[in-house]
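Please open the model in a viewer and keep the sequence panel at hand. The stops below are arranged so that each selection can be made in turn.

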Amino acid sequence: MRAQTRQGLPSPTRRQQGTRRRALPAAAAVAIGVMTLGAFAPPSVSAAARPDAVQQSLNALVRDDGMPAALASVQDRDGRIRTYTAGLGDLATGSKVPRDGQVRIGSNTKTFVAVVVLQLVGEGKIGLDATVDTYLPGLVRGEGIDGRRITVRQLLQHTSGLPDYGVHVDDDEIRNRYLEPRELLDIALRYKADADPGETWGYSNTNYILAGLIVQKVTGRPLAEEIDRRIIKRIGLRHTYFPAPGEMTIREPHPQGYHRNPADGPLRDFTEMDPSWGWAAGQLISTNSDLNRFFTALLAGRLLPAAQLAEMRTTVPAGTSGLRYGLGLTSRPLSCGGVYWGHGGDIAGYETRGGVTDDGRAANVAVTSIPSDEAATQHVMDAVDRALCG
C-alpha cells in the first residue's frame, strides 16, 4: 500500500501510488512458466498474439527482474479470459504457481472502499463535500491538521494533506501484530500535515483509514461487512474477501509471497502476516480475474449511479508519468492510445497492477515480491500495457 506515485499506486508498503519509511521497504501506503488458457478462451489464430506477448512479459519479470512468480489474467472485448503464470509458487518446494491464485491486493482495496463511500453518497447518507468532522467530530486534530477543514472528497482523492501513517511502520515489527484503525490514525497524527487541504495531490493511506471509519459510523456496520454486502456478493466475486481479525493465512490456492527488509536484503517468505495495518487502505485478498471482474463492473455502471461514477472518474494529476487520480480510481495512458482505469497496490509479499479500458478490455498482473527498483516496477506496468494493447 505504498504511496504509488512512482509507477503504480502504493500500499502500506511502498511510498508510490497505496506507503513507508524511506529507509525501510514500506509495508504499511511477479523458471519460465506455462501459459494456461481459461475455460472461456478457445484457441484461435487471432488470439494467439496476445498470449505470447503476455507470457513473454511474465517470463521476463521472473528471468530479468528476479520475481519469484508472476501471474496474469486477461479479458478481451468479447469476454474471453486467459490466465498465465511464470516462475515458482514456492521457492522452497519448487511447486507450480496456482493458476489465478489468490494474492494480497494492497491498495486496490481503496477502490472498494471508495465505491462503498460513493454508494452512500448516492443514498444521501454521506456528502462528498462535507467535512470529516461531520461524521467523526473532534477526531482529526494535529499540527496543521483539522478535520473541520478536510472534506470526504479530499480523502478519496488524496488531496487532504494528511501525513501517511504507512511510512512510519516497519513490516517486520507489525507482521504479527493486530492494529486497530484508530491506532493507525494515531500514528499519522503524531506528524504535521504534508500540505493544506486541497492544495496538492499527495498519496496517503491515512485518507482511507478515515474513509473506512466514516463508513462504519454512517452504517453502524463493520467495513468488511459493507464491502462484502455491497460489492463482493453483489457482483459475484467468488475469490475476494476481507481477512478476519487475526487471520494471517490466505484461504485458497496461492503463490507464496516474498519480501526484502531492508531493500537490499535476501528474499524471505512473508506469506503469513497480520494485514490489519492495511485495513481500509490495503487489507483485501483477491485474484487477478476477480479484480478484472470488479473493475469491469465498476466502469460499466453496475456498482454506482451515473452521477457518482462520474465523480469517481474526475481526476487530478498524480506524478509525472501521465497517471491521474480520481476518487479511489486512477487512469493511466496506454501505448496503443487511450487510457485504462484501475488502481494497483502492494503489500509485503505481493504487488498487483492492472485495470480496464472503456471498450471492455481488462488485464491484471501480480508478482510475488515488491519490485526493488523503478525499472522493475516499470516492467510490471509494461506487462499490463502489453496485455491491454497486444
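Select the hairpin of strand 12 and strand 13 in this predicted model. Five residues lie between the two strands, and among the residues of this hairpin G337 takes a positive phi near 100 degrees. Strand 12 covers residues 330-333 and strand 13 covers residues 339-342; the two run antiparallel and are joined by four bridges. To see one pairing position, display R332, which stands opposite Y340 in strand 13.

Keep strand 13 on display and add strand 15, residues 350-356. These two strands pair in the antiparallel sense over two bridges. Here W341 stands opposite V356 in strand 15.

**A second hairpin**

Next, select strand 2, residues 69-75, together with strand 3, which runs antiparallel to strand 2 and is joined to it by seven bridges. Which residue of strand 3 is the bridge partner of V74? The partner is R82. The hairpin has five residues between the strands, and G79 has a positive phi near 85 degrees.

Now colour strand 3, residues 81-87, by accessibility. Seven of its seven residues are buried, so strand 3 is largely enclosed by the rest of the structure.

**Backbone exceptions**

The following three selections concern the backbone. Most residues other than glycine have a negative phi, and most peptide bonds are trans.

Begin with D100, in the loop between strand 3 and strand 4 (103-104). D100 is not a glycine, yet its phi is positive, at about 55 degrees. Is D100 buried or exposed? With a relative accessible area of 19%, D100 is buried, because the cut-off for that class is under 20%.

Move to W279, which lies in helix 9. W279 is a residue other than glycine with a positive phi, near 35 degrees. The relative accessible area of W279 is 9%, and this residue is buried.

Then select P262, in the loop between strand 7 (258-259) and strand 8 (268-269). The peptide bond that leads from N261 to P262 is cis, with omega near 10 degrees.

**R104 and its surroundings**

Select R104 in strand 4. R104 is buried, with a relative accessible area of 1%. Which residues does R104 touch, apart from those up to four places away in sequence? The list consists of M248, T249, I250, T271, E272, M273, P275, L284, I285, I347, Y350 and T352. For a distance to check in the viewer, take R104 and I285: their C-alpha atoms are 4.4 Å apart in space, although the residues are 181 apart in sequence.

**Helix 2 against helix 8**

Show helix 2 and helix 8, the latter covering residues 223-232. The two helices pack with their axes 10 Å apart and at an angle of about 80 degrees; they are therefore roughly perpendicular to each other. On the side of helix 2, display F112, V113, V115, V116, Q119 and L120; on the side of helix 8, display L223, E226, I227, R230 and I231, since these residues make the contact. By class, this contact has eight nonpolar, one polar and two charged residues.

**I126, in the loop after helix 2**

From helix 2 (108-122), follow the chain into the loop that leads to helix 3 (132-135), and select I126 there. I126 counts as buried, at 4% relative accessibility. Neighbours within four places in sequence set aside, I126 is in contact with V117, L120, V121, Y135, V152, I214 and V218. How far apart in space are I126 and I214, C-alpha to C-alpha? They are 8.6 Å apart, with a separation of 88 residues in sequence.

**Helix 6 and the face it buries**

Finish with helix 6, residues 181-188, and highlight its buried residues P181, L184, L185, I187 and A188. Looking down the axis of helix 6, one finds these buried residues within an arc of 155 degrees, so they line one face of the helix. To see what this face meets, add helix 7 (205-219) and helix 9 (279-282): the buried residues of helix 6 pack against both. Helix 9 is also where W279, visited earlier, is located.

Notes: Residues numbered from 1 in each chain as written. Predicted model: local features only at pLDDT ≥ 70, side-chain atom pairs only at ≥ 80, totals over all residues. Heavy atoms only, no water. Buried < 20%, exposed > 50% of the residue type's maximum accessible area, 1.4 Å probe, protein only. Contact = heavy atoms within 4.5 Å. Pairing = 2+ DSSP bridges. Arc of directions from axis to C-beta. Axes fitted to C-alpha atoms, helices over the stretch in contact; angles between N-to-C directions. Parallel < 35°, antiparallel > 145°, perpendicular 65-115°, else oblique. Nonpolar A, V, L, I, M, F, W, Y, C, P; charged D, E, K, R; others polar.
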